[in-house]
Amino acid sequence: MLLRQATMADLPQIESIIRDGRELLAAQAIDQWQGAYPNTAVLVDDIHQGWTVVLEENNEILGTAAIIPGEDPTYKQIDGQWLTVQAPYLAIHRVAVSSHHRGRGLAGELFQRLFDQIDHAQNIESIRIDTHPQNMAMQHVIKKNGFTETGMIDLEAAGLKGTKDYAYERLTANVKPVHVVHAQIAK
């Protein structure tokens, strides 16, 4: 398996995987991704920005995620407490795996390969992610991969007014003690 940056040639497979994820969530009566988000324009922008990664095996895309650097507008305010303050982080959004390969632990594989790369990036101190309160499968994957639940965020900055998600953070190998909120580490 290979984790690589997506190209526009990957868009049809990425859209198919996102559609798979949308259908799975709908089948579970989870109101995540049931509107226009994420749409083709968002996915194209992610690819153009260089944010989309794909997990590939035998020329088939098995999973995808958007890895976004910088301050995420949806993460500026939290009902809770992030593990870090004023630390450079990456945000993971739009994680999905192919319906043809579910049950193989691909989301965890995608995360582990990301962590291996991110831990070599000296300037990234943490990784943040969020998910819908009813998306138990994603919550399980997130927690299993070393993230700590930090509270709730409002997705209004992402155009999803009134939607609140559970927020999580994972420290990287390069976290600086000065940026760590010590009360959270004592848990």
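Leaving aside neighbours within four places in sequence, Leu114 touches Leu3, Val53, Ile67 and Ile92, where contact means heavy atoms within 4.5 Å. This comes from a predicted model, in which local features need pLDDT of at least 70 and side-chain atom pairs count only at pLDDT 80 or more, while totals for chains, interfaces and linings use all residues. Residues are numbered from 1 along each chain as its sequence is written, and side-chain values use heavy atoms, with hydrogens and water left out.

Leu114 is also a good way into the largest nonpolar core, which has 25 residues. Such a core is a set of buried Ala, Val, Leu, Ile, Met, Phe, Trp, Tyr and Cys residues joined through side-chain atoms within 4.5 Å; buried means under 20% relative accessible area, exposed over 50% and partly exposed in between, with a 1.4 Å probe and protein chains only. The residues with the most contacts inside this core are Ile92, Phe111, Leu114, Ile129 and Phe147. Two or more residues each come from strands E2 (52-57), E3 (60-69), E5 (89-97) and E6 (126-131) and from helices H3 (106-118) and H4 (136-144). Helices (H or I, at least four residues) and strands (E, at least two) are DSSP runs, numbered from the N terminus. H3 gives the most to this core, with seven residues. A second, separate core has 13 residues, including Ala6, Leu11, Ile14 and Leu25.

Now to H3 itself. Its 13 residues reach 18 Å from first C-alpha to last, close to the 18 Å expected at 1.5 Å a residue, the expected span being 1.5 Å times one less than the number of residues. Among the buried residues of H3 are Leu106, Leu110, Phe115 and Ile118.

The axes of H3 and H4 come within 10 Å and cross at roughly 35°; axes are lines fitted to C-alpha atoms, for helices over the stretch in contact, with angles from 0 to 180 degrees between N-to-C directions. In the contact, Ala107, Gly108 and Phe111 of H3 meet Met138, Val141 and Ile142 of H4. Five of the contact residues are nonpolar, one is polar and none is charged.

Two loop residues round off the picture. Most residues other than glycine have a negative phi. Ala29, in the loop between H1 (11-27) and H2 (40-49), has a positive phi of about 60° and is exposed, with a relative accessible area of 61%. Asn58, in the loop between E2 and E3, has a positive phi near 50° and is exposed as well, at 74% relative accessible area.

Note on methods
Ala, Val, Leu, Ile, Met, Phe, Trp, Tyr, Cys and Pro count as nonpolar, Asp, Glu, Lys and Arg as charged, and the others, Gly among them, as polar.
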